[in-house]
Amino acid sequence: MKSSRVAWAIFILHVFLSPLILTGQISSGLRIDQLIDSLNTYSLEDSQKVELLCQIAYHHHDPMMALQYGQQSLQLAQTLNRPLLIARAYEELAEAHRVLGNEVQSRHATTRALRIYENENEYHLAAALYAQTANYLLKDQRYDQAIRLLESAKQNYKKSGDNKKYALTCINLGEAFRLTQHYDSAKHYLYHALTCNYTEDSLIRGYALGNLGMVYHESIELKNAKEYLIDGIAIVEKLKDPYSTSVYLAELGRVYQQQGLKDQAEKHLLKAIKMAQDANLKEQIRDFSQQLSFYYAELHDYRSSLQYQRLFQIYQDSLVNKTNIQLVERIKAEYEIDKKNSEIQLLDQINLQRTYAAYGLALGVVLLVCLSLLLHRKNEQAKTANDILSEQKETLAHREKEKAVLLHELNHRVKNNLQMISSLLNMQKHELVGHPAEQAIHESKHRIDALSLIHQRLYQQDTQTKISVKEYFTDLILNLVYSYGREVKCTFDISDTPLLIDILIPLALITNELVTNALKYAFEETSEPNIHFEFQTKPCCASLLVRDNGSGFDPSQQKEGFGLVLTRTLVAQLDGDLRYTNQNGSIWTLHIKIDPLS
């Protein structure tokens, strides 16, 4: 249950963390296009433009665009020489870099913002930024760094006189120490949060009591754990806080379970998962359903245990898919940034070349005018003027050579930039030697399309992680035939069986390679080309067949290309058996073992 408790620590930070807005003139409820329209429509002072640019960066769904608006706000704030506006812009740059995975740049921008806030005695803003950064570190389970930042946040809240935020920071320190199993330190900070809660704030008291209950539970002091959890639940339930209430209820259920009070344990665990489902708290539904599965398994109620185990697996798969999608989006954003940086560098080089050309042309014009005046006024110095003209022609020729070298260097850099983009197709780099690059990239595109089709179908479903192979393989093969522009008759014999993507992905790539191979080489002398595809499943195995009526080939006489190497690698990954026969055309047969539950 560690993941649930980490999420709980992060939630407490979110209770009092909010965007650090200096002027508050722009509502966060406005759509991003309205904010951009306001920037282009209204006549604003420069300080207002800085704030509006920061707001756009904060609310923009595209992290790459958020980074650009953050950089604009920083440039304008530095022009105004307004320290607090500069710090505000650095905060947005730090967040954009963090989302894009640029940890070094994010940390650098955060440090610059913190230094400004502390120099300007803006302790409240510094404390909030320390706490926000600690939040990200807790998500990454970097507890020691998070504790150091929370200590800094606590000190700054104390300087600012914000007793509520000070007490909440103490609660988060207690949570961080609990996650590192330093229970004495955790109790110290949680008791300190209670004693410094001079206004008897219900929110602080409820969290402190509930978290003390969790600490006592982990240190196996069940009596104290139960008392503090009951008191904490009574408070946060009145505050209509389903997140913390469900967490405390589940923790109390585990305490009752350890005490052997089965009915009380079941009652609280069921109440916790019901509350999490009503509030659509996916991580808590996942964790509570797993706990209920264990609980019913101990009672030998395997029907109920299996029911909650399936619920756990559904939400676990859903959360894993969400994480994978976020990672793909982050990689796409990083690629777009690299691409734009390359374009900017190319434009800079072109502008530099144009500048050199303009300077050279202007210099040539000046020299020619001077030479004309000298010839007109001093005919007697014609020989000397001719010598000067010859020397200056040599200078111009030398500069033209320099420009040619610069142009060559520019072309070299453009080539390197294109190679950097081509590195995304790293699997193909060795196969491109001596072959048309366009064909290799075309083949890689089919592989990517095969995977893209899987993700497209996944996005159209809710929490399912299986795909109907009949529709998928039919679309995949027909798309390949269409992309090659061949009039090929396709027949199918596919069992409508759903498969997990862990099995379907390598099968899709294998199918892509075998069908592509047939389309490229099999039908040069075939008047009525035909491809037949079969996929059948049994309880513990599956078989795939790709057959064409082409000319076939002798594998012993053929050097395996990248496609077949990739195919055999994927077959090995599936622990399968791939065989080739030539019977009036090529026949590829693949047998794999599958888990009956998949």
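Is Cys490 buried or exposed? In this predicted model, Cys490 is buried, with a relative accessible area of 19%. The legends below cover the cores, the cysteines and a surface patch.

**View 1. The largest nonpolar core has 93 residues.** Within this core, the residues that touch the most other members are Tyr90, Tyr117, Ile171, Tyr207 and Tyr248. Helix H7, which spans residues 123–139, gives the most to this core, contributing ten residues.

**View 2. A second core, separate from the largest one, consists of 44 residues.** Among its members are Val488, Val546, Trp588 and Leu590. In soluble globular proteins, nonpolar side chains tend to be buried together.

**View 3. Cys196 and Cys170 are not joined by a disulfide.** A disulfide is a covalent bond between the sulfur atoms of two cysteines. The cysteine sulfur closest to that of Cys196 belongs to Cys170. The two sulfur atoms are 5.0 Å apart, too far for a bond, because a disulfide requires them to be within 2.5 Å. The structure as a whole holds zero disulfides. Cys196 is buried, with a relative accessible area of 5%.

**View 4. Leu361, Val365, Val369 and Leu373 make a nonpolar patch on the surface.** The area of this patch is about 360 Å². Leu361 lies in helix H16, which runs over residues 302–377. The relative accessible area of Leu361 is 61%, so Leu361 counts as exposed, the cut-off for that term being over 50%.

Note on methods
Residues numbered from 1 in each chain as written. Predicted model: local features only at pLDDT ≥ 70, side-chain atom pairs only at ≥ 80, totals over all residues. Heavy atoms only, no water. Patch = residues over 30% accessible without salt bridge, like charges linked within 9 Å, V, L, I, M, F, W, Y side chains within 5 Å. Areas by Shrake-Rupley, 256 points an atom, 1.4 Å probe, with all protein chains shown as cover. Salt bridge = Lys/Arg side-chain N within 4 Å of Asp/Glu carboxyl O. Helix = DSSP H or I, 4+ residues; strand = E, 2+ residues; numbered from the N terminus. Buried < 20%, exposed > 50% of the residue type's maximum accessible area, 1.4 Å probe, protein only. Core = buried A, V, L, I, M, F, W, Y, C linked by side-chain atoms within 4.5 Å.
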